[in-house]
Amino acid sequence: MEPSSTLRIALQKSGRLTEESIALLKQAGMKFDSYKGHMIVPVQNFDIELLLIRDDDIPEYVQDGVCDIGFVGANVTAEKNADVQVIRNLGFGKCRLSVAVPKSGPYQSARDLNGKRIATSYPYLTQKYFRENGMEVKTVEISGAVEIAPRLGVADAVCDLVSTGGTLRQNGLIETDVIFTSESQLIQTNKPISDEKQELIDKFLLRIGGCQLAQRSRYIMMNAPKASQEEILRTISALKSPTVLPLADPDMVAIHSVVPINEFWTITEKLKAAGATGIVILPIENMIM
Ligand code: PRT
Ligand code: ZN
């Protein structure tokens, strides 16, 4: 049977990564009807179809070439030890896989857990971490609510995903060792794919790159005394050349530019100090460099 020429993209059917994965596909210009309750969703304006499945299945589907690319947490790909390539870090779904121990128990850190029982949904990564640190543990595999295992007496400690740390705290556990840090990624199969599919993936990556850059940037506009122009341009010259426009007042100019969001407050303070007024900041829809 000839392999399908349609690019197949795997994403989580319903969970923490679904909404942002769908949003990124839409921002990248893909048009499709409601995905809820459907396993296969055709994209109307590209030769692409979306496969909505449990996140645990995504690395293997991509590894086996059932899907060409997939959106999935790095934690899941690592746990499945899947043979795939990471083509883009997506910056959402950030979390860490950590060892946590009961607050009022005898253990202070992973070093105290040699020979003990660890409850986890990540037995492979947990075993690997302890082995690499010269210890042996027994993993008790639990698929949900791992954090209650010590209280039930089925484990001495846990190794679970953490984002805010609230769940651990609520269950009387203290995070002691981070063993893996994770975010959502786009992965691609290592199986051979057609040039047409690769072109589609490249096009898609370019569009996603534009969306990501736009999310990390803000468009900034201000008025400034002509005398401060040089200082202001030095402050905001992060991205190419800013635009300088004359104003009715010959001693003033308008300056427009794009600044990175993480430096945004520092830059704004410097601009104000340099005499900029009427500073307006706008979100950016997309950016093609
Ligand atoms: O049904 P399916 O198998 O597809 O979904 P799932 O239940 O396995 O996964 P889901 O939707 O819960 O998570 C999908 C992915 O989101 C994970 O594989 C991670 O890559 C990422 N992610 C980011 C998280 C978290 N943050 C997270 N906090 N996944 C789970 N959690 C859980 C954690 O297990 C614990 O129960 O949230 C709790 C801790 O959160 P805090 O904020 O209290 O620390
Ligand atoms: Zn899952």
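How far is an oxygen atom of ligand 1 from a polar backbone atom of arginine 16? The separation is 2.9 Å in this predicted model.

**View 1. Polar contacts of ligand 1.** The backbone of arginine 16 supplies a polar atom 2.9 Å from an oxygen atom of the ligand. Two side chains also take part: a polar side-chain atom of aspartate 55 is 2.9 Å from an oxygen atom of ligand 1, and for a polar side-chain atom of asparagine 75 the distance to a ligand oxygen atom is 2.7 Å. On its own, ligand 1 has 850 Å² of accessible area, of which the protein covers 77%.

**View 2. Residues around ligand 1.** The ligand has 21 residues around it. Those that come nearest are Asp56, Asn75, Thr164, Gly165 and Thr167.

**View 3. The largest pocket of the model.** This pocket holds about 1100 Å³ of space. Its lining comprises 38 residues, and Arg16, Asn75, Tyr122, Asp160 and Leu161 are the closest to the pocket centre. Helix H3 (74–80), strand S9 (157–162) and helix H6 (166–170) are the elements that each give two or more residues to the lining. With four residues, H3 gives the most.

**View 4. Character and placement of the pocket lining.** Grouped by class, the residues lining the largest pocket are eleven nonpolar, 15 polar and twelve charged. Domain 1 (7–92 + 184–214) contributes to this lining, as does domain 2 (95–182), and the largest pocket therefore lies between the two domains.

Note on methods:
Residues are numbered from 1 along each chain as its sequence is written. Chains are lettered from A and ligands numbered from 1 in the order in which they are written. This is a predicted model: local features need pLDDT of at least 70, side-chain atom pairs count only at pLDDT 80 or more; totals for chains, interfaces and linings use all residues. Side-chain values use heavy atoms; hydrogens and water are left out. On a 1 Å grid over the protein atoms alone, a cavity is a set of points where a 1.4 Å probe fits but cannot get out, and a pocket is an open set with protein on both sides within 12 Å along at least five of seven lines; lining residues have an atom within 4 Å of a point. Grid points are joined across faces, edges and corners, and a volume is the space filled by probe spheres set on the points. Ala, Val, Leu, Ile, Met, Phe, Trp, Tyr, Cys and Pro count as nonpolar, Asp, Glu, Lys and Arg as charged, and the others, Gly among them, as polar. Domain bounds come from an automatic or database domain assignment. A residue is near a molecule or strand if one of its heavy atoms lies within 4 Å of it. A polar contact is a pair of N or O atoms within 3.5 Å; within protein, one must be able to donate a hydrogen and the other to accept it, and residues adjacent in sequence count only if both atoms are side-chain atoms. Accessible areas come from the Shrake-Rupley method with a 1.4 Å probe; for residues, only the protein chains shown count as cover.
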